[in-house]
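Student: I would like to work through this model with you, one question at a time, going from its open space to its sheets and its interior.

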Amino acid sequence: MTPFELAEPSTLKEAIDLLDPDDASVRPIAGGTALMLMMKAGVFRPRRLVSLRNIGALSAISAANGELTIGAMTPLAVVERSAAVREHAPVVTRTLRTLSNVRVRNVATVGGSLAHADPHMDLPPVLIALGARVSVAGSKGERTILVEQLFAGYFETVLGRDELITSVAVPAQGNRRAVYLKCTTRAVHDWPALGVAVSVDSDGATVRDASVVVSAATETPRRLPGAEKALRAGRAGDTLWRQAGEAAAEEAQLISDGQGSAAYKRELVRIYVTRALAAAAKGVR
């Protein structure tokens with residue numbers, strides 16, 4: 001690696017002031033699990049890294065009025081073990097148990113995993129299905145972005161170079177049931193060929209509302225409004241789940257990569273959306 005400056009601010013304002021909106025070689029670093037690999041491979045050569053690890057205010061988890069808030073610098077392992085997360089968004093707890101491995105989860109952070117915008121990550125589609133949003137701070141002030149609107153392209157977000165994710169908020173889920181399934185070509189914690197997250201609001205007989213999100217097989221995590229429309233007001237049951245799976249497979253804009261061809265992934269979408277909806281209908285939260 002080439003030499004670089006490492007800044008370690010203790011406040012959010014200091015961190016933002018150290019960033020440069022006009023210099024792509026100045027980057028924030030959270031857990032560094034992905035960024036360090038890029039640096040070792042020579043893909044990224046920073047002039048300055050701004051470490052966020054000393055900003056304690058970014059590492060809290062809280063719940064109020066049914067809404068869950070997770071600080072951006074909270075390690076994934078802490079989120080995985082959090083009682084508040086398990087109570088308010090159990091699908092996040094289940095998802096993290098097979099996200100990479102425990103060594104990575106001990107270091108990687110919630111905000112870093114979102115800002116990195118790797119479409120193969122497990123957490124973004126889950127947060128999208130839950131209707132989560134991120135709070136962002138930058139030199140021009142603060143703003144809130146729905147997670148589904150955060151990703152602009154392959155490894156690309158809508159964040160400015162002088163903006164930082166400060167927290168993630170998951171709204172109260174009520175009676176909704178959410179499930180995340182992924183298909184990997186090797187071990188369960190490996191990069192998925194497809195990730196599917198669904199959230200279903202149903203009275204047991206009729207689907208009132210639903211979110212269907214696919215990832216890994218697409219350039220960015222994407223909601224599938226056609227599949228969601230096929231579910232709304234439908235009679236809950238295997239026939240409806242299959243119809244939604246067909247709609248999802250027809251609608252999804254898929255890519256070919258080392259995990260499989262687009263045609264192969266289309267079959268996966270059909271199967272895994274159907275399975276995820278059936279699992280959600282059984283009462284899994």
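Student: Which helix gives the largest share of the lining of the largest pocket?

Tutor: Since the model is predicted, the answer rests on computed values. The largest pocket has a volume of about 1,300 Å³, and its lining is made up of 46 residues, among which Arg27, Ala34, Gly112, Ala115 and His116 lie nearest its centre. At least two lining residues come from each of strand 2, helix 2 (35–40), helix 7, strand 9 (156–157) and strand 10. The largest share, five residues, is supplied by helix 7.

Student: What is the strand order of the open sheet of three strands?

Tutor: Its edges are strand 1 (5–7) and strand 2 (26–29), each of which pairs on one side only. Three bridges join strand 1 to strand 3 in the parallel sense, and strand 3 (residues 48–51) pairs with strand 2, likewise described as parallel, over four bridges. The twist from one strand to the next averages 25°, and the order of this open sheet is 1-3-2.

Student: Which residue of strand 3 is the bridge partner of Ile29?

Tutor: The pairing to consider is that of strand 2 with strand 3, which is parallel and has four bridges. On the pairing of strand 1 with strand 3, Glu5 has Arg48 as its bridge partner, whereas the bridge partner of Ile29 in strand 3 is Ser51.

Student: Are the residues of strand 3 that point in opposite directions, Arg48 and Val50 one way and Leu49 and Ser51 the other, buried or exposed?

Tutor: The cut-off that matters here is a relative accessible area under 20% for a buried residue and over 50% for an exposed one. Arg48 and Val50 point one way from strand 3, while Leu49 and Ser51 point the other way, and by that criterion all of them are buried.

Student: Why is strand 12 described as largely enclosed by the rest of the structure?

Tutor: Strand 12 belongs to an open sheet of four strands with antiparallel pairing and the order 11-12-13-14, in which the edge strands are strand 11 and strand 14 (222–223), each pairing on one side only. Helix 11 (residues 262–281) packs on this sheet and touches strand 11, strand 12 and strand 13, with a direction that makes about 35° with that of strand 12. Strand 12 (residues 192–202) is largely enclosed because its buried residues number ten of the eleven.

Student: How many bridges join strand 11 to strand 12?

Tutor: Strand 11 (residues 177–184) and strand 12 run antiparallel, and within this pairing Leu181 has Val196 as its bridge partner in strand 12. The number of bridges that join strand 11 to strand 12 is eight.

Student: Which residue takes a positive phi in the hairpin of strand 12 and strand 13?

Tutor: Strand 12 and strand 13 (residues 207–215) pair in the antiparallel sense over eight bridges, and Ala197 stands opposite Val213 in strand 13. The hairpin has four residues between these strands, and the residue with a positive phi, near 100°, is Gly204.

Student: What is the bridge partner of Val213 in strand 14?

Tutor: Strand 13 and strand 14 run antiparallel and are joined by two bridges. The bridge partner of Val213 in strand 14 is Arg223.

Student: Which helix gives the largest share of the largest nonpolar core?

Tutor: This core has 37 residues, and those with the most contacts inside it are Val92, Leu114 and Val134. Elements that give two or more residues to it include strand 5 (67–71), helix 3 (76–81), helix 5 (90–96) and helix 7 (110–116). The largest share, five residues, comes from helix 8.

Student: How many residues are in the other core, which includes Cys183?

Tutor: In soluble globular proteins, nonpolar side chains tend to be buried together. Here another core lies apart from the largest one, and among its members are Cys183, Ala193, Val198 and Ala227. The size of this other core is 30 residues.

Student: What is the relative accessible area of Asn101?

Tutor: Asn101 lies in the loop between helix 5 and helix 6 (102–105), and its C-alpha atom is separated by 9.7 Å from that of Ala77, 24 residues apart along the chain. Asn101 is partly exposed, because its value falls between the cut-offs of 20% and 50%. The relative accessible area of Asn101 is 24%.

Notes
Residues are numbered from 1 along each chain as its sequence is written. This is a predicted model: local features need pLDDT of at least 70, side-chain atom pairs count only at pLDDT 80 or more; totals for chains, interfaces and linings use all residues. Side-chain values use heavy atoms; hydrogens and water are left out. Two strands pair if DSSP finds at least two bridges between them. Axes are lines fitted to C-alpha atoms, for helices over the stretch in contact, and angles run from 0 to 180 degrees between N-to-C directions. Buried means under 20% relative accessible area, exposed over 50%, partly exposed in between (1.4 Å probe, protein chains only). Contact means heavy atoms within 4.5 Å. A nonpolar core is a set of buried Ala, Val, Leu, Ile, Met, Phe, Trp, Tyr and Cys residues joined through side-chain atoms within 4.5 Å. On a 1 Å grid over the protein atoms alone, a cavity is a set of points where a 1.4 Å probe fits but cannot get out, and a pocket is an open set with protein on both sides within 12 Å along at least five of seven lines; lining residues have an atom within 4 Å of a point. Grid points are joined across faces, edges and corners, and a volume is the space filled by probe spheres set on the points.
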